[in-house]
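Me: I should like to go through the terms applied to this model and ask what supports each of them.

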Amino acid sequence: MHTLPLFSASLLGGLLVVGAALADEAIMPLAKNDDLSIADVKGRYVAEFDMLVFEQQVAGQAGATVPDARGQMDGAPVLTYAFPTTLPPSVVGFGDVEGILTLVATSHPDFDDTPLWDEQGDGSYDNDGRVFHSHWVVLVEDERVPGGLAIREIANGEQATLPPTNPGMPLYLDSPGLSVVLQGDTLRILVPSWRVRNARDFSFDAVTAYLEVNTSDDSRPMLGIYEVYDVASGDLSLPYRLADESQ
């Protein structure tokens, strides 16, 4: 597995290519539409609630597009609204590993990877994969997929440090149960300040993308990016900063 030096914006800009051609025709990302086209991005610290708010405004309706179930884990589609950050992975409990700590809201109807949380509020904790829900992931360079990035895998025998809310998959992935709020054209993820060790001096970007689970092909990562629909900055330079509403 290749690792990506932290905060390498220039390298990232060369890897994530919007609309990259797919080498594997069997992989069929959802077509881009207005629900996945980013119109604006914001981040703010709300002092009244000691809360960080990450926000994507889209040209259509946020969260209205979801993937169809594949019927199995291998090849399961994952649709993502993502906020790559310059925060080190250790602030959310991943230990001292290289990669891009990224806050995401995902929909993947074939599986539920948030066993502690009942996002639908129906009393069942294992049927919420289709509902947009939050994760922290660590992204690393991976040239085996068109998007050039994948969620960092845990190698056999690796002594990985993971948050206690990791769902058990062999990935640097956490299921923190952060609120995802969908209102019209806007998606927000709410992060209590203490969940990132009260960090506010960092930068971020916004991305919409298609990922796919792979459990059968050793030539591809377990969960890589196959299509990038939009990048707020245009070049993934992570230029955005939190506005401080306490001032």
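Me: Where does Asn-214 lie, and why is Asn-214 called buried or exposed?

Reply: Asn-214 is placed in the loop between β11 and β12; strands here are DSSP runs of E with at least two residues, helices are runs of H or I with at least four, and both are numbered from the N terminus. Its relative accessible area is 4%. Buried means under 20%, exposed over 50% and partly exposed in between, with a 1.4 Å probe and protein chains only. Asn-214 is therefore buried. The model is a predicted one, in which local features need pLDDT of at least 70 and side-chain atom pairs count only at pLDDT 80 or more, while totals for chains, interfaces and linings use all residues. Residues are numbered from 1 along each chain as its sequence is written, and side-chain values use heavy atoms, with hydrogens and water left out.

Me: What makes the approach of the Asn-214 side chain to the backbone oxygen of Asp-217 a polar contact?

Reply: A polar contact is a pair of N or O atoms within 3.5 Å; within protein, one must be able to donate a hydrogen and the other to accept it, and residues adjacent in sequence count only if both atoms are side-chain atoms. A polar atom of the Asn-214 side chain lies 2.7 Å from the backbone oxygen of Asp-217. The backbone oxygen of Arg-220 is 3.0 Å from a polar atom of that side chain.

Me: Which residues does Asn-214 contact beyond its neighbours in sequence?

Reply: With neighbours within four places set aside, Asn-214 is in contact with Asp-74, Arg-220, Pro-221 and Met-222, where contact means heavy atoms within 4.5 Å. The C-alpha atoms of Asn-214 and Gly-224 are separated by 8.3 Å, at ten residues apart along the chain.

Me: Why is Ser-134 called buried or exposed?

Reply: Ser-134 is in strand β5 (residues 133-141). Its relative accessibility is 3%, so Ser-134 counts as buried. The Ser-134 side chain reaches the backbone nitrogen of Leu-178 at 2.9 Å. Not counting residues up to four places away in sequence, Ser-134 touches eight residues' worth of surroundings, among them Val-104, Asp-174, Gly-177 and Ile-189.Me: Please restate that last point plainly: which residues does Ser-134 touch?

Reply: My phrase with a count was poorly worded. Residues up to four places away being left out, Ser-134 touches Val-104, Asp-174, Ser-175, Pro-176, Gly-177, Leu-178, Val-180 and Ile-189.

Me: Why is Val-131 described as buried, exposed or partly exposed?

Reply: Val-131 has a relative accessible area of 26%, so it is partly exposed. Val-131 belongs to the loop between β4 and β5. Its contacts, apart from neighbours within four places, are Thr-106, Glu-119 and Gln-120. Between the C-alpha atoms of Val-131 and Thr-106, 25 residues apart along the chain, the separation is 7.8 Å.

Me: Why is Ile-154 called buried or exposed?

Reply: The relative accessibility of Ile-154 is 18%, and Ile-154 therefore counts as buried. Ile-154 is in the loop between β6 (149-151) and β7 (173-174). Pro-170 is 16 residues from Ile-154 in sequence, yet 5.1 Å from it, C-alpha to C-alpha. Among the residues that Ile-154 touches are Ala-160, Leu-162 and Pro-170.

Me: What is meant by a nonpolar core, and which residues touch the most other members of the largest one?

Reply: A nonpolar core is a set of buried Ala, Val, Leu, Ile, Met, Phe, Trp, Tyr and Cys residues joined through side-chain atoms within 4.5 Å. The largest such core has 40 residues, of which Phe-83, Trp-136 and Val-191 touch the most other members. Elements giving two or more residues to this core include β1 (38-46), β2 (51-58) and β9 (186-192). A second, separate core of 23 residues includes Ala-76, Val-78, Leu-223 and Val-228.

Me: What volume does the largest cavity have, and which residues lie nearest its centre?

Reply: The volume is about 200 Å³, taken as the space filled by probe spheres set on grid points that are joined across faces, edges and corners. A cavity is a set of points on a 1 Å grid over the protein atoms alone where a 1.4 Å probe fits but cannot get out, and lining residues have an atom within 4 Å of a point. The lining has 21 residues, of which Thr-80, Val-104, Val-137, Ile-151 and Leu-211 lie nearest the centre. β3 gives the most to this lining, with four residues.

Me: Why is Leu-238 called buried or exposed, and what is its phi?

Reply: At a relative accessible area of 8%, Leu-238 is buried. Its phi is near 55°, a positive value in a residue other than glycine.

Technical notes: On a 1 Å grid over the protein atoms alone, a cavity is a set of points where a 1.4 Å probe fits but cannot get out, and a pocket is an open set with protein on both sides within 12 Å along at least five of seven lines; lining residues have an atom within 4 Å of a point.
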